[in-house]
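Q: I should like to learn how to read a structure step by step. May we take its features in turn, with the general idea before each case?

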Amino acid sequence: MLNKKDATWILGYYFVGYVLLAPFLMGFISVFTSNSIIYSGLPYLIIMILIYRKSKVVLVDDWKSFKSNLKANMVVIFKSQAFMYLTNLVINSIILLMTGLTNSNNQDSIQMLAKTDLFIAFFSIVIFAPFVEEMVFRCSIFSLFDNKKVAFILATCMFGLMHVVSSFLVGDYLDLVYFLTYASLGYWITKTYIKTNSIWSSIVLHMINNSFSLILILILF
């Protein structure tokens with residue numbers, strides 16, 4: 001667990017640094033270079049470094065724990081991945097039947113990025129998001145709240161909300177139904193984190209899920 005001060009800093013890096021300031025920094029850097037690795041990758045890298053500095057001790061300790069129970073942890077991870085897939089299949093099928101929507105706006109953005117800039121897509125989806133989002137929505141939330149039931153609900157719901165909040169801000173309220181899809185992902189990732197007691201289990205699960213999603217995009221679109 002992080003101490004509450006470091007957990008608060010990590011939340012600040014994410015919500016203030018990444019959500020609010022990073023888009024402006026990307027725009028500013030893009031004035032001087034058209035290289036997307038620089039103007040998109042640099043802000044991502046800065047956020048990752050800042051979070052790593054606040055969580056290095058926990059990451060090292062949890063890595064030791066993860067390795068010492070590697071086989072059992074990987075079984076939990078792959079079971080969770082299977083449940084994530086089945087749950088999403090059911091939820092997205094219901095959404096399709098009720099609304100006619102085939103994709104969330106977030107997924108459409110990922111597909112567009114994968115087509116236009118595969119390197120940044122890979123880095124942001126498979127490396128950045130699993131590491132940063134797990135340190136924010138699992139490690140920091142559970143470090144800040146002593147009541148684990150409250151932490152579980154917050155970790156699950158905040159994860160879901162952050163994947164549809166942009167749709168709310170632009171007035172695409174129908175897309176908010178995909179909160180259920182992303183909250184279900186958050187549920188299984190949070191459950192994995194609790195069951196294995198290692199942030200690396202949730203990071204690895206998140207990486208596997210996002211990698212699978214990116215591979216499907218490259219094959220099907």
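Q: Leaving aside its neighbours within four places in sequence, which residues is Ile 199 in contact with?
A: The model is a predicted one. To read contacts, one looks for heavy atoms within 4.5 Å. By that criterion, and setting aside neighbours within four places in sequence, Ile 199 is in contact with Leu 59, Asp 62, Glu 134, Met 135, Arg 138, Cys 139 and Tyr 193.

Q: Which residues touch the most other members of the largest nonpolar core?
A: A core is read by following buried nonpolar residues that are joined through side-chain atoms. The largest nonpolar core has 44 residues, and Ile 51, Phe 128, Phe 131, Val 132, Met 135, Val 136 and Ile 199 touch the most other members. At least two residues of this core come from each of H1 (4-30), H3 (41-68), H4 (70-99), H6 (118-144), H7 (148-162), H9 (179-196) and H10 (199-220). The largest share, 11 residues, is supplied by H6. A second, separate core has 7 residues, among them Ile 110, Val 126, Leu 214 and Ile 217.

Q: How many helices and how many strands are there in the chain?
A: The secondary structure is read as a succession of elements from the N terminus. Here the chain contains 10 helices and 0 strands. Its radius of gyration is 17 Å, close to the 17 Å that the globule rule gives for 221 residues, so the chain is as compact as a globular protein of that length. Along its principal axes, the C-alpha trace spans about 45 × 40 × 30 Å.

Q: What percentage of contacts between residues at least 6 apart in sequence join residues at least 24 apart?
A: The figure is 75% for this chain. A single pair may illustrate how sequence and space are compared: the C-alpha atoms of Met 1 and Leu 59 are 58 residues apart along the chain and are separated by 9.4 Å. For another pair, Leu 180 and Pro 43, the separation is 137 residues in sequence and 29 Å in space, C-alpha to C-alpha.

Q: Is Thr 181 buried or exposed?
A: Burial is judged from relative accessible area, with under 20% counting as buried and over 50% as exposed. Thr 181 has a relative accessible area of 6%, and is therefore buried. This residue lies in helix H9 and touches Asn 88, Ile 91, Asn 92 and Ile 95, not counting residues up to four places away in sequence. Leu 180 is also found in helix H9, but Leu 180 is partly exposed, with a relative accessible area of 47%. Of the 221 residues of the chain, 43% count as buried.

Q: Where does Met 1 lie, before or after H1?
A: Met 1 lies in the segment before H1. Its relative accessibility is 54%, so Met 1 counts as exposed. An exposed residue may still have contacts to be read: Met 1 touches Val 58, Phe 142, Ser 143, Lys 148 and Tyr 193, not counting residues up to four places away in sequence.

Q: What is the phi of Asn 197?
A: A backbone angle is read together with the identity of the residue. Asn 197 has a positive phi of about 55 degrees although it is not a glycine. Asn 197 lies in the loop between H9 and H10 and is exposed, with a relative accessible area of 58%.

Q: How many positive and negative side chains does the chain have?
A: Charges are read by number and by place. The chain has 15 positive and 10 negative side chains, and the centres of the two sets lie 12 Å apart.

Notes. Residues numbered from 1 in each chain as written. Predicted model: local features only at pLDDT ≥ 70, side-chain atom pairs only at ≥ 80, totals over all residues. Heavy atoms only, no water. Helix = DSSP H or I, 4+ residues; strand = E, 2+ residues; numbered from the N terminus. Rg over C-alpha atoms; globule rule 2.2 N^0.38 Å. Buried < 20%, exposed > 50% of the residue type's maximum accessible area, 1.4 Å probe, protein only. Lys, Arg positive; Asp, Glu negative; His and termini not counted. Charge placed at Lys NZ, Arg CZ, Asp CG, Glu CD. Core = buried A, V, L, I, M, F, W, Y, C linked by side-chain atoms within 4.5 Å.
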